[in-house]
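User: I am new to reading protein models. Can we go through this one step by step?

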Amino acid sequence: MDLQIYGFLFTLFLTFSINGATLQQKTQTPSPQINSNSVLVALLDSHYTELSELVEKALLLQPLEEAVTKHNITIFAPRNEALELDLDPEFKRFLLEPGNIKSLQNLLLFHMVPARVDHSSLHHTRNNNHTTLCPGETERLSGNNLNIIHPNDIIKSDGIIHGIQKVLIPKSVQQSFNNRRNLRSISAVLPQGAPEIDPRTNRLKKNPKPVPAGAPPVLPIYSAMAPGPSLAPAPAPGPGGNHHHFDGETQVKDFIQTLLHYGGYNELADILVNLTSLATEMGRLVSEGYVLTVLAPNDEAMAKLTTDQLSEPGAPEQIMYYHLIPEYQTEESMYNSVRRFGKLKYDTLRLPHKVVAEEADGSVKFGFEEGSAYLIDPDIYTDGRISVQGIDGVLFPVEDIKVAPKSAPVVGDAKVVAKPRRGKLMEVACSMMGSFCH
């Protein structure tokens with residue numbers, strides 16, 4: 001009898017345990033995947049380093065990831081000096097104390113608006129207030145207190161970043177700081193110093209005129225007259241620039257030559273040059289001002305391709321399109337992104353497919369379970385326009401991953417030469433870039 005009672009109780013306990021575990025699994029929702037060209041990724045890789053570091057310290061990455069998957073956000077990013085030098089040291093220490101993380105989060109979220117607000121619309125609606133992501137904050141942002149110095153500095157499909165002159169401090173955070181100090185008149189911004197007297201003239205020194213952002217430093221006359229190389233900045237890369245500044249064909253030849261000298265990537269070079277016209281098309285794209293990242297499968301990976309995978313017209317090109325990312329990425333930038341976000345999706349020139357990247361074993365893994373590849377040879381070639389990253393597998397979109405028929409691997413002369421479709425790569429890039437293509 002006792003054994004039956006104990007058996008019944010054990011069965012009852014086991015049932016509740018299983019049901020509880022099942023319920024917990026159902027309530028767990030997978031974290032959203034961020035696209036590589038998201039405004040949040042752009043912020044973390046931008047020159048607003050002080051703001052991006054504070055966002056990470058405030059543990060705001062996951063909430064912001066969820067926000068950008070639901071709606072656009074506009075970020076008003078203070079310049080680095082405003083966060084590093086213009087804040088009262090005591091106020092900054094207050095924000096960075098672990099017990100005040102809520103105040104730090106509120107201050108940062110006060111710089112973000114859950115809507116797409118470009119500079120033109122902000123200018124035309126200067127008197128309109130904008131609700132921020134700061135929870136419980138009744139104060140709103142308006143064009144009168146933003147002091148934008150870099151309008152539309154970064155534009156992405158899911159948001160915009162404007163550069164602003166100073167830190168915006170919500171009243172709730174200021175109040176918390178004042179209560180902490182028990183002094184309600186304390187300001188979180190450094191006060192201006194006392195006026196200085198010029199000992200030569202016994203008059204007040206005049207404040208120097210503000211220097212526009214990005215202006216070169218004022219040099220003494222003897223330095224300015226000294227011979228030397230020109231310091232004029234190179235034209236900014238990107239569509240719409242002066243096409244004569246970029247010799248795309250030369251750059252493509254250089255990276256293919258680098259592949260051959262590096263060793264282990266002869267098959268890829270053969271496809272780009274001989275089996276297709278992709279090398280020529282890539283050269284035209286770079287000449288137009290575009291940038292590319294090539295995920296380059298090594299010879300061992302290419303040797304596993306079968307005749308069936310290459311026999312259809314245009315198959316080699318379709319395979320390569322999926323390995324071309326219309327962004328300039330290095331091993332460091334990709335690893336930092338996947339380390340921060342876990343998983344990331346990169347656009348490819350095989351529309352509309354994206355390639356998934358994630359951190360694995362201290363490296364970057366691309367693709368899905370059956371057809372994944374690791375970054376094994378980082379930065380084989382990087383020149384600011386073309387980046388080549390060596391991987392140990394050939395990638396396919398998830399719907400194309402299936403059990404391949406047993407065919408002999410393609411080696412040497414056994415390759416099936418598909419008829420090249422000239423101009424296709426430019427058409428794909430143009431369809432992705434839209435109005436930027438000429």
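User: Which strand does β8 (residues 292–297) join, and how many bridges link the two?

Analyst: This is a predicted model. Strands of a sheet pair through backbone hydrogen bonds, either parallel or antiparallel. Here the two strands run parallel, and one of the paired positions sets L292 opposite I386. The partner of β8 is β14, and the number of bridges is six.

User: Which strand pairs with β14 (residues 386–391) in the antiparallel sense?

Analyst: Look at the bridge partners. T382 is matched with S387 of β14, and Y381 is matched with V388. Four bridges make up this antiparallel pairing, and the partner is strand β13 (residues 373–382).

User: Which residue in the hairpin of β13 and β14 takes a positive phi?

Analyst: Three residues sit between the two strands of this hairpin. One residue of the hairpin has phi near 90 degrees, and that residue is G384.

User: Is β14 mostly covered or open, and how many of its residues are buried?

Analyst: Buried means under 20% relative accessible area. In a regular strand the side chains alternate between the two faces of the sheet. On one side of β14, I386, V388 and G390 are buried, and on the other S387, Q389 and I391 are buried. So both faces are covered, and the buried count for β14 is six of six.

User: What are the edge strands of the eight-strand sheet?

Analyst: The sheet is open, its pairing is mixed, and its order is β1-β10-β11-β12-β13-β14-β8-β9. Read the two ends of that order. Each edge strand pairs on one side only, and the two are β1 (34–35) and β9 (324–325).

User: There is also a sheet of four strands. Which of its strands have one side left without a neighbour?

Analyst: This open sheet has the order β3-β2-β5-β4, with mixed pairing. An edge strand here has a single partner, so one side of it is left without a neighbour in the sheet. The strands at the edges are β3 (112–113) and β4 (148–156).

User: In that sheet, which residue of β5 is the bridge partner of A77?

Analyst: Start with the strands. β2 (residues 73–78) and β5 (residues 159–164) pair in the parallel sense over six bridges. The partner of A77 in β5 is G163.

User: How many cavities of 30 Å³ or more are there, and what is the volume of the second largest?

Analyst: The count comes to two cavities of 30 Å³ or more. The second largest has a volume of about 40 Å³.

User: Which helix gives the largest share of the lining of the second largest cavity?

Analyst: The lining is made of L54, L83, L87, K92, L95 and L96. By class, five of these are nonpolar, none is polar and one is charged. Three lining residues come from one helix, which is α6 (residues 89–96).

User: Why do the buried residues of α6 lie on the same side of the helix?

Analyst: The buried residues of α6 are F91, F94 and L95. They share a side of α6 because the arc they cover around the axis is only 95 degrees.

User: At the start of α6, which residue's side-chain oxygen reaches the backbone nitrogen of E90?

Analyst: The oxygen comes to within 2.8 Å of that nitrogen. The side chain belongs to D88.

User: Is H323 buried or exposed?

Analyst: H323 is in the loop between α16 (315–321) and β9. A polar atom of its side chain lies 2.7 Å from the backbone oxygen of I319. The cut-off for a buried residue is under 20% relative accessible area. H323 has 0% relative accessibility, so H323 counts as buried.

User: Is L59 buried or exposed?

Analyst: L59 lies in the loop between α3 (49–57) and α4 (61–70). L59 is not a glycine, yet its phi is positive, near 60 degrees. Exposed means over 50% relative accessible area. L59 has 61%, so L59 is exposed.

User: What is the relative accessible area of D361?

Analyst: D361 sits in the loop between β11 and β12 (363–366). D361 also has a positive phi, about 55 degrees, although it is not a glycine. D361 is exposed, with a relative accessible area of 72%.

User: Which two residues does a cis peptide bond join?

Analyst: One of the two, P352, is found in the loop between β10 (343–347) and β11 (354–360). Omega of the cis bond is about -5 degrees, and the bond joins L351 and P352.

Definitions and conventions
Residues are numbered from 1 along each chain as its sequence is written. This is a predicted model: local features need pLDDT of at least 70, side-chain atom pairs count only at pLDDT 80 or more; totals for chains, interfaces and linings use all residues. Side-chain values use heavy atoms; hydrogens and water are left out. On a 1 Å grid over the protein atoms alone, a cavity is a set of points where a 1.4 Å probe fits but cannot get out, and a pocket is an open set with protein on both sides within 12 Å along at least five of seven lines; lining residues have an atom within 4 Å of a point. Grid points are joined across faces, edges and corners, and a volume is the space filled by probe spheres set on the points. Ala, Val, Leu, Ile, Met, Phe, Trp, Tyr, Cys and Pro count as nonpolar, Asp, Glu, Lys and Arg as charged, and the others, Gly among them, as polar. Buried means under 20% relative accessible area, exposed over 50%, partly exposed in between (1.4 Å probe, protein chains only). The arc is that of the directions from the helix axis to the C-beta atoms. A polar contact is a pair of N or O atoms within 3.5 Å; within protein, one must be able to donate a hydrogen and the other to accept it, and residues adjacent in sequence count only if both atoms are side-chain atoms. Two strands pair if DSSP finds at least two bridges between them.
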